[in-house]
Amino acid sequence: EFIYFCKTEGNNTERIRRRIASLSAFYKFLRRKRFIKENPMEFVIRPKKGLPVVVQTFLTKDQYELMKTKLKEHGDLQLNTYAMFSISTMARVNAISNITWNQIDFDNRTVDDVLEKEGKIVTLYFSQEVKETLLKLKEERDKNEIDSEYVFISKYDGKWDKVGTDTLGRWAKKIGEMIDVPTLHPHDFRHSGSQLLALSGMKIETISSLLNHSGLDVTKNH
C-alpha cells in the first residue's frame, strides 16, 4: 500500500526507494535508542527498477456518461455498481472492499461506520441513482441465493468473500479500457467524483467534507 500510494502521488522508482531508505534509517535510529524493538521498514518490499508511476485521472462529464453507457451495455451489474458507488461516495479502495450490506442505510442514502484512512470512522453518501443500482444488485444476489455480508464480492476457492483491492484494480482497468482510459485505477473514481461535484458548482468546503479530508488544503492540493 505504501508503494501504491507513492505511485499515485507521481513518484518514480528511484524516489520511492529513497523514501524507503530514509524511513528505514529513521527506524534504525529508534531501534538503537531502544524506543522500538524492530524496524517495520524491513517488511516493506522495495520496488523493482522501472516501476511505473500511476497516472492520476479525472474523468470528464463526457467520459463519465460514456462509462455509464458502456457498463450498461456490458451487463455486469456488480461492475456497474462498483463504478457508480465509487464515484458517488468517493471512498478509498480499502473502504470499498470492506463495505457490508448492514452498513447501508437506504432511506438516508448513507454508508455508516466506515473505517477509513488513519483509523477514522466516517459516513459515506450516495445518490438516488446509486441507491437504485444497489437495490438491483441486492435483488440479484437474493435471486441467485448468494449469501455474503459484503457488497462487492468475488469467489475464492469456491466460496464468496469480499473482493480484494487487487481485484478492484483489475475491475477499474477493465472499465478504463471500455472508455479508452487504460490507466484508470480505483483511486481515480475518488478524483473523478470530486471533480464532477466541482464542475456542478458545489463549494470546495462541502467537497472536502464529503472526501473526509483533514483540511481544505488537502482538497486543493489533490
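The lining of the largest cavity in this predicted model comprises 7 nonpolar residues, 1 polar residue and no charged residues. The residues concerned are Tyr82, Ser86, Ala91, Val93, Ile96, Leu168, Pro186 and Phe189. Serine is not among the residue types classed as nonpolar or charged, so Ser86 is the polar member of this lining. At least two lining residues of the largest cavity are supplied by each of α4 and α5 (93-98). The volume of the largest cavity is about 30 Å³, and the count of cavities of 30 Å³ or more comes to 1.

The second largest pocket was examined in the same manner. The space within this pocket amounts to about 290 Å³. Two or more residues of its lining come from each of α4 (77-89), β3 (121-125), α6 (128-143) and α8 (187-199). In total, 16 residues line the second largest pocket, and those that lie nearest its centre are Ile87, Ser88, Thr89, Ser127 and Leu197. Helix α4 gives the most to this lining, with a contribution of 4 residues. By class, the lining of the second largest pocket divides into 11 nonpolar, 4 polar and 1 charged residues.

Helix α4 thus recurs in the description of both spaces: it supplies at least two residues to the lining of the largest cavity, and it gives 4 residues to that of the second largest pocket. A charged residue is present in the lining of the second largest pocket, whereas the lining of the largest cavity has none.

Key: Residues are numbered from 1 along each chain as its sequence is written. This is a predicted model: local features need pLDDT of at least 70, side-chain atom pairs count only at pLDDT 80 or more; totals for chains, interfaces and linings use all residues. Side-chain values use heavy atoms; hydrogens and water are left out. On a 1 Å grid over the protein atoms alone, a cavity is a set of points where a 1.4 Å probe fits but cannot get out, and a pocket is an open set with protein on both sides within 12 Å along at least five of seven lines; lining residues have an atom within 4 Å of a point. Grid points are joined across faces, edges and corners, and a volume is the space filled by probe spheres set on the points.
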